[in-house]
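I sat down with this one to jot what I could look up directly. Notes follow in the order I took them.

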Amino acid sequence: MATTMCQCLGFGISALGFAGTIVATALNMWSTQDLGQDLVTSIYKYMGLWKTCMQQTSGYTECRPFYTVLGLPATFQAVRALMIVAIVLALIGSGVSILSLKCIRLGTMDDASKANLTLTSGILFIVAGVCCIAGVSIYGNMLVTNFWEANLSMLGNQGGVQQRYTFGSALFIGWVSGGLLVIGGIVMCISCRGLVPEDTRYNSTIYKVPSRGGPYRTGYKAGTNYDTEMTHVRKTYPDDIESKKSGYNRSTADSKRAASGKYDYV
């Protein structure tokens, strides 16, 4: 029961992170115009990964997509790639985690197979969360760099006005979503421990070092009475029956013959 609850908890947290990653990638509020100096403005600008938008005071908003790919900075394209990779990995992890739930049975799938699927989905969620956090952090670092460069250029131009951009709401959603993916993946990896059967968890061969001068003995001993019964059986020959009738002892005659021929040399 505890394993099922842990699985469901990890899947729920990861699903929230997956949904948040999609929302953050699709939003256009990655960077917003800084209104710290322009208190009264008729146009408000903001930009995302796919479009740049302008909103007027009348409420009219116009968004224009990025028609070029080669003209964008390499850092910007890297952020796009990281977010797409995060979405794809989270999608695959969600499908695998649904199959690994203990409450779902597919054919003859045993607990060991479900444990492997749970561990795989947890690793996928963790990697997806790391990609999401890395992409958002790179974009945030780019905004900070551009912001301070704009400040320096404004000071050099003696108070000239230049547009500056600050953090948008999509960045905070991306950070939270990446954290949820990492936490959900860790929970899924922890729940994998409870699905491994105990007979396979401690399946090992006991090796015993043989004592000096004694025979080697394995850890396995057959519990049959065959050896005990065979120790009391003496090997007899067909001629022994006739020798007993005539008073002739075969073993005594063989021992005398061996003793007499001990010192015979050819």
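**Helix α2 and the patch**

I started at valine 88, which is in helix α2. I'm working from a predicted model, so I keep that in mind throughout. Is valine 88 buried or exposed? Neither: valine 88 counts as partly exposed, because its relative accessibility is 43% and the cut-offs are under 20% for buried and over 50% for exposed.

I then looked at what valine 88 sits with on the surface. Val88 belongs to a nonpolar patch with Trp50, Ile84 and Ile92, and together they have about 330 Å² of accessible area. Three or four places apart in an α-helix means pointing the same way, because there are 3.6 residues a turn.

Next I checked the helix itself. Helix α2 runs over residues 74–100, which is 27 residues. From first C-alpha to last I get 39 Å, close to the 39 Å expected at 1.5 Å a residue. For the buried side I listed Phe76, Val79, Arg80, Met83, Ala86, Leu89, Ala90, Gly93, Ser94, Val96, Ser97 and Ser100. I noted that an arginine, Arg80, is on that buried list.

**Whole chain**

I stepped back for the totals. The chain has eight helices and five strands. From the N terminus on, I read the order as α-β-β-β-β-α-α-β-α-α-α-α-α. Of the 266 residues, 28% are buried. I put the accessible surface at about 17700 Å², with 62% of that belonging to carbon and sulfur atoms. For contacts between residues at least 6 apart in sequence, 64% join residues at least 24 apart.

**Helix α1 and its neighbour α4**

How does the span of helix α1 agree with 1.5 Å a residue? The 25 residues of α1 (residues 2–26) should span 36 Å, and the end C-alpha atoms are 36 Å apart, so the span agrees. The buried residues of α1 are Thr3, Gln7, Gly10, Ile13, Ser14, Gly17, Phe18, Gly20, Thr21, Ala24 and Thr25.

I picked serine 177 to see what touches those. Serine 177 is in helix α4 (residues 169–195), and at a relative accessible area of 4% it is buried. Setting aside neighbours within four places in sequence, I find serine 177 in contact with Gly17, Gly20 and Thr21. Those three are also on the buried list of α1.

Valine 23 lies in α1 too. With 42% relative accessibility, valine 23 counts as partly exposed. I took its C-alpha distance to glycine 174: 8.3 Å in space, with their positions 151 residues apart in sequence.

**Cysteines**

How many disulfides does the count come to? I get one disulfide. Cysteine 53 and cysteine 63 form it, with their sulfur atoms 2.1 Å apart. The torsion about the S-S bond is about 110 degrees, so I logged the disulfide as right-handed. Cysteine 53 sits in strand β3 (residues 51–56) and cysteine 63 in strand β4 (residues 61–65), ten residues apart.

The two ends differ in cover. Cysteine 53 is buried at 0% relative accessible area, whereas cysteine 63 is partly exposed at 35%.

I went on to cysteine 192. Cysteine 192 is in no disulfide, and the nearest cysteine sulfur, that of cysteine 189, is 7.3 Å away. Why no bond there? The pair would have to be within 2.5 Å to count, so 7.3 Å rules it out. Cysteine 192 is buried, at 10% relative accessible area. Cysteine 8 counts as partly exposed, at 38% relative accessibility.

**The β3–β4 loop**

Between β3 and β4 I looked at tyrosine 60, which is in the loop. Tyrosine 60 is partly exposed, with a relative accessible area of 48%. Leaving out neighbours within four places in sequence, tyrosine 60 is in contact with Met54 and Gln55. Isoleucine 43 is 17 residues from tyrosine 60 in sequence and 9.8 Å away in space, C-alpha to C-alpha.

**Last check, helix α3**

I finished on asparagine 141, in helix α3 (residues 111–156). Asparagine 141 counts as exposed, because its relative accessibility is 51% and the cut-off is over 50%. From asparagine 141 to phenylalanine 167 I get 10.0 Å, C-alpha to C-alpha, at 26 residues apart in sequence.

Note on methods. Residues are numbered from 1 along each chain as its sequence is written. This is a predicted model: local features need pLDDT of at least 70, side-chain atom pairs count only at pLDDT 80 or more; totals for chains, interfaces and linings use all residues. Side-chain values use heavy atoms; hydrogens and water are left out. Helices (H or I, at least four residues) and strands (E, at least two) are DSSP runs, numbered from the N terminus. The expected span of a helix is 1.5 Å times one less than its number of residues. Buried means under 20% relative accessible area, exposed over 50%, partly exposed in between (1.4 Å probe, protein chains only). Patches are made of residues with over 30% relative accessible area and no salt bridge: like charges are joined within 9 Å, nonpolar side chains (Val, Leu, Ile, Met, Phe, Trp, Tyr) within 5 Å. Accessible areas come from the Shrake-Rupley method with a 1.4 Å probe; for residues, only the protein chains shown count as cover. A salt bridge is a side-chain nitrogen of Lys or Arg within 4 Å of a carboxyl oxygen of Asp or Glu. Contact means heavy atoms within 4.5 Å.
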